[in-house]
Every structure is written in structure tokens, then in C-alpha cells.
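Thank you for making time this morning. I would like to walk through one model with you, so please have the sequence and the coordinates open as I speak.

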Amino acid sequence: MLLLACLALSVLLYSSTTHYSPMLRHYISPELKQESYAGLWPAAKNGSESALNMLSELAALNNDIFWLEKVASLQNLQAILALADLSDGSDKTFWWQQAAIIGHAPSQFELSFLVDSTQQRIRYLEQAAMNEHIPAIIALSKFYYENRDASNALRWLTRAVEYDKSSTFKLARMLFREGFEAQARAAFNKAVAYTPIAKNYVDVLNNYKQTTLSSLISQPTSMPAYCAQQLQFVATSLDGAVQAMNIKHAFERDKRLSTLPICVSSIIWLAQNELECDLADGRKVCDLSSVAKQSFVPNYTHLVFFLEEGKAYVNDGAMFLAQDDTYAVFVHELAHFVGFVDEYSLPSALAQQHCYKSYAPNLLVSNDEILYEHEKYQLWQRYQDQLILLNLPNSGEELSEDKQSNKYTKRLSLDIAPSLTCESLDLTAYKPSSQLTFMEYHDTRNIPPIYILMWKDLLKQRHHDIAVTALFMKSAQQSDNQGAALYWSGF
């Protein structure tokens, strides 16, 4: 009888691969199930692989928790996975852990998402990756890449590119960082087909060469007459050089700023570790003493540094940007070069510099309700009048009384609004536009026309003003080079 039961069971289990399982349960009588369990268990327990598998399939087919757990106690993967499917919460995690112990890669991968410890997560990912689980290989390569673990990143990225073509770009960047330039170039060329930004890296590698800080010690060449400001972009890494190239191209295409006499020189790409910079209060401060000790006339007015990290800021004729800073951030900081102030609430220490004596073109500080008598208000009004004249059909003709009246009416509608700049000092401040501008929120592309007019005038007033000499003077003072400091103070 037992032999017949097992034979019938074998037929049904074979059929389970080609038929709907719930329907098959209907044909297995309770008596047949129990006899089959009882007949298969001793053989399974004594090491019969076929009996173990048949028992596991029968228990899984019937969602029989009791027999699944007995079979799972013999480390049968099919039973363990069936129990995981039938469980929730901590019970499901327990059965995944049992499957992971006997080397089931998908369970090892799933467990990596459930643990809190990074160390445990990596341990599970590495176990799954060693067992050739493709998602684990890709996830592990990404983790080590993002955490700058060069040796492990290269190890797993080399594997990941077999399955994930987008990993080719990551591999190329890591190879270049570690000094494998030839392999990196080949990888970047391959990555172009899968990651469009890789083309920018290929362009930089083909058109620029790494150099030294001495490149900032310019040859005796004059700046173009048109360029009131001549910006010198300085990149400290391949990523920075790509960022600098992209921002340079975006600036040259930006119609909003096309009337401003600002020029950008060819990018200087410094060799690795050529420029030493320290992080202080979230801002990068760079050592330029080797440049500042030299006596030369810069053929640039301002420097723009593209660094790996740090808060974007402007100081002493230099701008400092991090890798994640966008073109919008660059434009915002560029306006600081001529004195525009932020229109969001400034910290009190910074607000004191701008609010008690307001020189910023976009800031009027006054508690007086009669604003139109204020000098800054009258300056804004003159710019507003220029805008009205520029918008007239024939700006050269003499204004009729009607047009003069119309002009007067527009004068009264100067578009000022409260500014948050001095909020931390409880001072009332205004800006020359009621719109949200790029000085309040850099991702806002809006640069009101009055800001462009003021910007142009400020550039004319400071034509070829080599502001970066202040940076060189300070650097010389910090290195106790008084002779160089005296030289730079003479500009």
C-alpha cells in the first residue's frame, strides 16, 4: 500500500510542473498525504536526496507548514524558500537567513536591505556577489564606488560591467582617479554609447592637459578690451575640468547674460595634489602662496576654482564651487563679483556687513516710509526710466506731453518689494523687484531687466579691475611674505 502511495505521489508531483497546483491538491486525499509523508520521511532523514526532494515538493504543494519545517530542519532549500513565501515579517526574515546560511544568493541579497548595520549589509552583498548574484555584484560595485574605496570599487566594477553597461562610466572614472589613464580613456570611449555624459570626459581628455600652479603666473599678455571681467577657470580634477567646460559652454550660450562684458579664458586643469585646500566652516580655503610670491600682472581679473567639495562662495576676487554645484549656482555667485547681495535671510554676522552700510546694488535698507527720497530708490528709478525708454517704439524721438505723462505714471510704479536680507537684524530692507529672483533662490532663472542694467554699469565702473590681487595679497601675508604682500597691495 505504501509503495502504491509513493508511486501515485510521484506521478502527481511530476504533474505539478505542468498543471495548476491548487487543482492538484484536490486529487491528493488526506490518507494519501499522510501515508506519503510517513513513507518518505525515514528515507529523507537517512540521506535519500530523492526522498527529501519528493517530501519537500509534497509539503510545498499543500502549504503544509508542519512538514515543511521538518524538511527545512534537514537544510532543504526548497522547503526553506517555501516557508519564506508563506511567512511575513520577522518569520520571513528568519527563513531568508536560513537560506542565506546554505548559500542561497537571492536570500543573501534580500537580507542586505533588512539589516541596519552597514557592515552587515556589505557582508550579505559580498556573500551574494561571490555566489554570482548579478544584482548584488552591481549594488556592491556602486557602494564601493560612491564611498571612494578604490581597490574594492575596481574589483567589483570590473565584474559589474559584464552585466550593466552603465557601470562602464563609473569604472572609467575610478581608473582615472587611480592613475590608470590609458585604461580609463578606453573605458570612457566605451561608456559614450551607454552614458551620454561620458562624451564630455572624452572631450576634456582630448583637448586639455593637466598642468601646474605656475600656469596661473600669466605671461605678459593683455586682456581683451571688451572684457570688463576676465574669468580664469581652475579645475583640480577631471570631474572639475568637465564641470568647468560645461559651465563655460552654458555661459557662452546664456542669452540672459549676453550683453555683459564678461569673458572666460581657456580652462586650467591642475594635476592631482597640485593645489592644497583645507575645509574650514564648510568652505574650502586654498593655499596660493607659491603663486602669490611671484611678481606678475595677471591676465585675468577673477579666479573660479572647481573643487570636489565645500560650500559655494565668493571672496577676494575668487569663486569656489564644488562638484555638485550647477550652472545656476555659478550665475548666482558671479553676481557677487560686482556686489549683488543674497536676497534670502542672511546670518546675523554676514547681515551686519551688508545691512548697516548698504553698498549692494539690489539692497535698500530704510525704516522711512518715504522711500522715494532715498538715494538708492532714486538710482533704481533712473534704471527703471532707462527700461521704459528702451521699450519705446522710437526711443530717440522727443517725448510728447502724453508720453511724458505716461512715463511719469510708470515712474510711480517702480517694482520694489521687501527683501529678507536683513531679517536677522530686524531691519526693513527692499529689493528692486517684487519677483523671486536668482539672488534669492539660485535655481530661479529669473534675472529682472533692472538687475542686468545695474550689472552692466557696475562692470563698466570696474573695467579690468583685477580683484584677485586681494586674494594674492592675503595669501602672501599668511605666508609671512611681506614683500609680495606689498607688491599685490599696489594694484
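Let me begin with a broad question: of the 491 residues of the protein, what percentage count as buried? The figure is 45%, and I should say at once that this is a predicted model, so every value I quote is computed from it. The protein has 23 helices and 12 strands, and, among contacts between residues at least 6 apart in sequence, 59% join residues at least 24 apart.

I turn now to the nonpolar interior. The largest nonpolar core has 85 residues, and within it the residues with the most contacts are Phe188, Phe233, Phe330 and Trp455. Another core, of 28 residues, lies apart from that one, and its members include Leu216, Ile268, Phe305 and Ala476. If you centre your view on phenylalanine 330, and set aside residues up to four places away in sequence, you will find that it touches Leu231, Phe233, Ile247, Phe251, Val304, Met319 and Leu321. Two of these names, Phe233 and Phe251, come back when we look at rings, since ring pairs link Phe233, Phe251, Phe306, Tyr327 and Phe330 into a cluster.

Staying with aromatic residues, the count for the model comes to 25 aromatic pairs. The rings of phenylalanine 109 and phenylalanine 113 are one example: their centres are 5.0 Å apart and their planes stand at 90°, so this pair is edge-to-face. The two partners differ in their surroundings, because phenylalanine 109, at 13% relative accessibility, counts as buried, whereas phenylalanine 113, with a relative accessible area of 56%, is exposed. Phenylalanine 143 and tyrosine 144 also form an edge-to-face pair, with ring centres 5.5 Å apart and planes at 70°. Here phenylalanine 143 counts as partly exposed at 26% relative accessibility, while tyrosine 144 is buried, with a relative accessible area of 7%.

Rings also meet charges in this model. The charged end of lysine 70 sits over the ring of tryptophan 67, at 5.7 Å from the ring centre, and arginine 123 lies over the face of tyrosine 124, at 4.8 Å from the centre of that ring.

Next, please move to phenylalanine 472, which lies in helix H22, residues 469-478. Is phenylalanine 472 buried or exposed? With a relative accessible area of 0%, it is buried. Leaving aside neighbours within four places in sequence, phenylalanine 472 is in contact with Leu288, Val291, Ala292, Phe296, Pro298, Tyr300, Leu303 and Trp488. A related separation is that between the C-alpha atoms of phenylalanine 472 and aspartate 287, which are 185 residues apart along the chain and 9.8 Å apart in space.

The loops on either side of H22 each deserve a look at the backbone. Histidine 464, in the loop between helix H21 (449-461) and H22, has a positive phi of about 60° although it is not a glycine, and at 26% relative accessibility this histidine counts as partly exposed. Aspartate 480, in the loop between H22 and helix H23 (482-489), likewise has a positive phi, near 60°, in a residue other than glycine, but aspartate 480 is exposed, with a relative accessible area of 61%.

Where, then, is there open space? The largest pocket holds about 900 Å³ of space and is lined by 34 residues, of which Val314, His336, Asp342, Leu350 and His354 lie nearest its centre. Strand S8 (313-315), helix H17 (327-336) and helix H18 (348-355) each supply at least two residues of this lining, and H17 gives the most, with four residues.

I will end with two polar residues from earlier in the chain. Aspartate 64 is placed in the loop between helix H4 (49-61) and helix H5 (65-72), and it counts as buried at 19% relative accessibility, since the cut-off for that class is under 20%. Beyond its neighbours within four places in sequence, aspartate 64 is in contact with Tyr37 and Ala59. Lysine 92 belongs to helix H7, residues 89-101, and, with the same sequence neighbours left out, lysine 92 is in contact with Ala84, Asp85 and Ser87.

Conventions
Residues are numbered from 1 along each chain as its sequence is written. This is a predicted model: local features need pLDDT of at least 70, side-chain atom pairs count only at pLDDT 80 or more; totals for chains, interfaces and linings use all residues. Side-chain values use heavy atoms; hydrogens and water are left out. Buried means under 20% relative accessible area, exposed over 50%, partly exposed in between (1.4 Å probe, protein chains only). Contact means heavy atoms within 4.5 Å. Rings of Phe, Tyr and Trp (its six-membered ring) pair if their centres lie within 6.5 Å; planes under 30 degrees apart count as stacked, over 60 as edge-to-face and the rest as tilted. A charge sits over a ring if NZ of Lys or CZ of Arg is within 6 Å of the ring centre and within 35 degrees of the ring normal. A nonpolar core is a set of buried Ala, Val, Leu, Ile, Met, Phe, Trp, Tyr and Cys residues joined through side-chain atoms within 4.5 Å. On a 1 Å grid over the protein atoms alone, a cavity is a set of points where a 1.4 Å probe fits but cannot get out, and a pocket is an open set with protein on both sides within 12 Å along at least five of seven lines; lining residues have an atom within 4 Å of a point. Grid points are joined across faces, edges and corners, and a volume is the space filled by probe spheres set on the points.
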